[in-house]
Amino acid sequence: MGSLTSKMDSSMNKMMANQKVMMEETQTAMLERQIQMQMEMRNRMVAAQVAMGREQLYWYGSFYTIASLGMMRGYMLTKKPGILAPLLPLTFVLGYLIDLNFYTKRTRVIAMADKIMTNEPALLCLPQGPPSVKAIDKKIQDQKK
């Protein structure tokens, strides 16, 4: 009778160990899927932001072209150089938007963000630290009252 009980205990322990391994594998697969889903959603959001930035650039570029032609026409008619003064800041803004949307501005910003995360982690601290499940549950309970 004692050997039967020990055999049952042994087989139950093996089954529990197998279940634990399977649970860990399942959790790992679920976590990997969640990470992949979050990355996909992030990529879609970034793509939408880039598209919005380019659309904004097209509109601003049209405005810049029309405004600069108008200023040049005004200069030709009046010969006053002050009419061309707004071209300077408008040109800087146009250059910034072109760099942001078609050249390396985003890459430089990402590199700078990497440096900040590596070299200046204190800048990334959240007020009151990271949220915990306990703090969130408490907030939910307080809102229900």
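Student: Is glutamine 128 buried or exposed?

Tutor: The model is a predicted one. Exposed is the term for a relative accessible area over 50%. Because glutamine 128 has a relative accessibility of 85%, the residue counts as exposed.

Student: Where is glutamine 128 found, and what is its phi?

Tutor: Most residues other than glycine have a negative phi. Glutamine 128 is found in the loop between H3 and H4. Its phi is positive, although the residue is not glycine, with a value near 65 degrees.

Student: Which loop holds lysine 79, and what is the phi of this residue?

Tutor: Lysine 79 is placed in the loop between H1 and H2. At 58% relative accessibility, lysine 79 counts as exposed. Lysine 79 is not a glycine, yet its phi is positive, at about 60 degrees.

Student: Which helix gives the largest share of the largest nonpolar core?

Tutor: The largest nonpolar core has 9 residues, among them Leu57, Tyr60, Met71, Leu87 and Leu97. Two elements give two or more residues to this core: helix H1 (2-78) and helix H2 (87-102). The largest share, 5 residues, comes from H1.

Student: Which residues does leucine 57 touch, leaving aside those up to four places away in sequence?

Tutor: Leucine 57 is a member of the largest nonpolar core, as are Leu94 and Leu97. In soluble globular proteins, nonpolar side chains tend to be buried together. With residues up to four places away in sequence left out, the contacts of leucine 57 are Leu94, Leu97, Ile98, Asn101 and Phe102.

Student: How much space lies in the largest pocket, and which helix supplies the largest share of its lining?

Tutor: The largest pocket holds about 170 Å³ of space. Its lining consists of Arg42, Val46, Gln49, Leu100, Lys105, Arg106, Val109 and Ile110. At least two of these residues come from each of H1 and helix H3 (105-119). The largest share, 4 residues, is supplied by H3.

Student: How do the residues of that lining divide into nonpolar, polar and charged?

Tutor: Val46, Leu100, Val109 and Ile110 are in the lining, and so are Gln49, Arg42, Lys105 and Arg106. Because Val, Leu and Ile count as nonpolar, Lys and Arg as charged, and Gln as polar, the division is 4 nonpolar, 1 polar and 3 charged.

Student: What is the N to O distance in the salt bridge of glutamate 40 and arginine 44?

Tutor: Glutamate 40 and arginine 44 lie 4 residues apart in helix H1, so about one helical turn separates them. Glutamate 40 is partly exposed at 36% relative accessible area, and arginine 44 is exposed at 53%. Their side chains meet with an N to O distance of 3.1 Å.

Student: Which residue forms a salt bridge with arginine 108?

Tutor: The structure holds 3 salt bridges. In this one, the closest N and O atoms are 2.5 Å apart. Arginine 108 counts as partly exposed at 39% relative accessibility. Its partner is aspartate 99, which has a relative accessible area of 18% and is therefore buried.

Student: What is the N to O distance between the side chains of aspartate 142 and lysine 138?

Tutor: Aspartate 142 and lysine 138 are 4 residues apart in helix H4 (residues 133-144), so they are separated by about one helical turn. Aspartate 142 is partly exposed at 41%, whereas lysine 138 is exposed at 54%. The two side chains meet in a salt bridge, with an N to O distance of 3.4 Å.

Technical notes: Residues numbered from 1 in each chain as written. Predicted model: local features only at pLDDT ≥ 70, side-chain atom pairs only at ≥ 80, totals over all residues. Heavy atoms only, no water. Core = buried A, V, L, I, M, F, W, Y, C linked by side-chain atoms within 4.5 Å. Buried < 20%, exposed > 50% of the residue type's maximum accessible area, 1.4 Å probe, protein only. Contact = heavy atoms within 4.5 Å. 1 Å grid on protein atoms, 1.4 Å probe; cavity = no way out; pocket = protein on both sides within 12 Å on 5 of 7 lines; lining within 4 Å. Points joined across faces, edges and corners; volume = space filled by probe spheres on them. Salt bridge = Lys/Arg side-chain N within 4 Å of Asp/Glu carboxyl O.
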